[in-house]
Amino acid sequence: MKELIQRSIFGLLYVFLILLFVYYNFSPILFALFGSLAMVELGKILFLKKNVIQLWLLCFWIAFLPWFSTVLVNTFFFENPFFNFYTVWLTSNKIADLIVAFFEWRWLWILGAFLVTVLLFYKKRGYKSLLPFAYIIMPFVLAVEIDISDQQLAISPILLIFIFMWTFDTFSYVFGKLFGRHVIAPSISPGKTWEGLAGGIAGAATLTFFFSRSEILPFSQAISGYILAFVLALFAFLGDLFESKLKRKAGIKDSGSFIPGHGGILDRIDSFLFAAPAFYFVYPLLLNL
């Protein structure tokens, strides 16, 4: 009972933190925090040396710098009356234009982080030298791109992804507990069943129905919303399964202990790391159908 209460309290705090950061347009700051913690946890799962983990953290911050700095400048200077004097000074000295130009060339920073990844791969010749870039850096970069672009949604696209994830996880857990009989991958995660997966997809489809009725989704055809729900649910499941594979190979139950009762931050965002890139590539295609 005590464990359930602890899990519930910290689960609600986790959701509140996400809602708070998304509401005030601080998503890049949230992702910088989550990404840094996730990178450290991934390094420990892969048994990387401390200096290698620090190098990957540096790569993450290099790749993330344009988004992080731009949000800080916009939020704390251009949108805060207290800093009006500094805003005028930044604008008059064309420093603001330099900040905008810096942001517009942001993909060069991604390229820089990728080149470091290539060098590490050339030196190590193993999946461990590619995984931090593909599994942590790029998903968060794409998530911020989703957040800052015009998605024609009635709510934040990041919040939409999280709501789909939470719905999928809830329905998948309930259906798996009640009807789960056929395990999908016994050697990786004995608790994941086909019945649970089907229930999670059904839950995402149900959510899509209500979102479509509420005109939260901008699709001209209803089928587009259900395709998006299926894709997000499927990739959320694959993200969960992938992290389970990493933990099983490392011989650990949780990626960390950052969130009491829930494990590490990777245990909470494993689905998001797969669902966000899927949304980035699939949503624009569905929007144009």
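Biologist: Why is Lys192 called buried?

Modeller: In this predicted model, Lys192 has a relative accessible area of 15%. Buried means under 20%, so Lys192 counts as buried.

Biologist: What makes Lys192 and Asp240 a salt bridge?

Modeller: Their side chains meet at 3.6 Å, N to O. The cut-off is a Lys or Arg side-chain nitrogen within 4 Å of a carboxyl oxygen of Asp or Glu, and the pair satisfies it at 3.6 Å. This salt bridge links distant parts of the chain: Asp240 lies in helix α10 and Lys192 in strand β2 (residues 189-193), 48 residues apart.

Biologist: And Asp240 itself, why is it called partly exposed?

Modeller: Asp240 has 23% relative accessibility. Partly exposed covers the range between buried, under 20%, and exposed, over 50%, so Asp240 belongs there.

Biologist: How many salt bridges does the whole structure hold?

Modeller: The search finds three. Another joins the side chains of Glu243 and Lys247, again at 3.6 Å, N to O. Those two are four residues apart in helix α10, which means about one helical turn separates them.

Biologist: What makes Asp267 a salt-bridge partner of Lys247?

Modeller: The closest N and O atoms of Asp267 and Lys247 are 2.9 Å apart, and the limit is 4 Å. Asp267 sits in helix α11 (residues 265-269) and Lys247 in helix α10, 20 residues away along the chain. Because these salt bridges share partners, Glu243, Lys247 and Asp267 form one network.

Biologist: How do you know that Asp267 and Lys247 are buried?

Modeller: Asp267 has a relative accessible area of 8%, and Lys247 has 11%. With the cut-off at under 20%, Asp267 is buried, and so is Lys247.

Biologist: Let's turn to helix packing. Why are α8 and α10 called roughly perpendicular?

Modeller: Helix α10 spans residues 222-250, and its axis and that of α8 come within 10 Å and cross at roughly 65°. Angles of 65 to 115 degrees count as roughly perpendicular, so the label fits α8 and α10. The crossing is right-handed.

Biologist: What makes α7 oblique to α12?

Modeller: Helix α7 (residues 131-148) and helix α12 (residues 272-287) pack at about 45°, with axes 9 Å apart. That angle makes α7 oblique to α12, because roughly parallel needs under 35 degrees and roughly perpendicular starts at 65. Here α7 passes α12 in a left-handed crossing.

Methods:
Residues are numbered from 1 along each chain as its sequence is written. This is a predicted model: local features need pLDDT of at least 70, side-chain atom pairs count only at pLDDT 80 or more; totals for chains, interfaces and linings use all residues. Side-chain values use heavy atoms; hydrogens and water are left out. Axes are lines fitted to C-alpha atoms, for helices over the stretch in contact, and angles run from 0 to 180 degrees between N-to-C directions. Angles under 35 degrees count as roughly parallel, over 145 as roughly antiparallel, 65 to 115 as roughly perpendicular and the rest as oblique. A crossing is left-handed if the near helix is turned anticlockwise from the far one by less than a right angle, and right-handed if clockwise. Buried means under 20% relative accessible area, exposed over 50%, partly exposed in between (1.4 Å probe, protein chains only).
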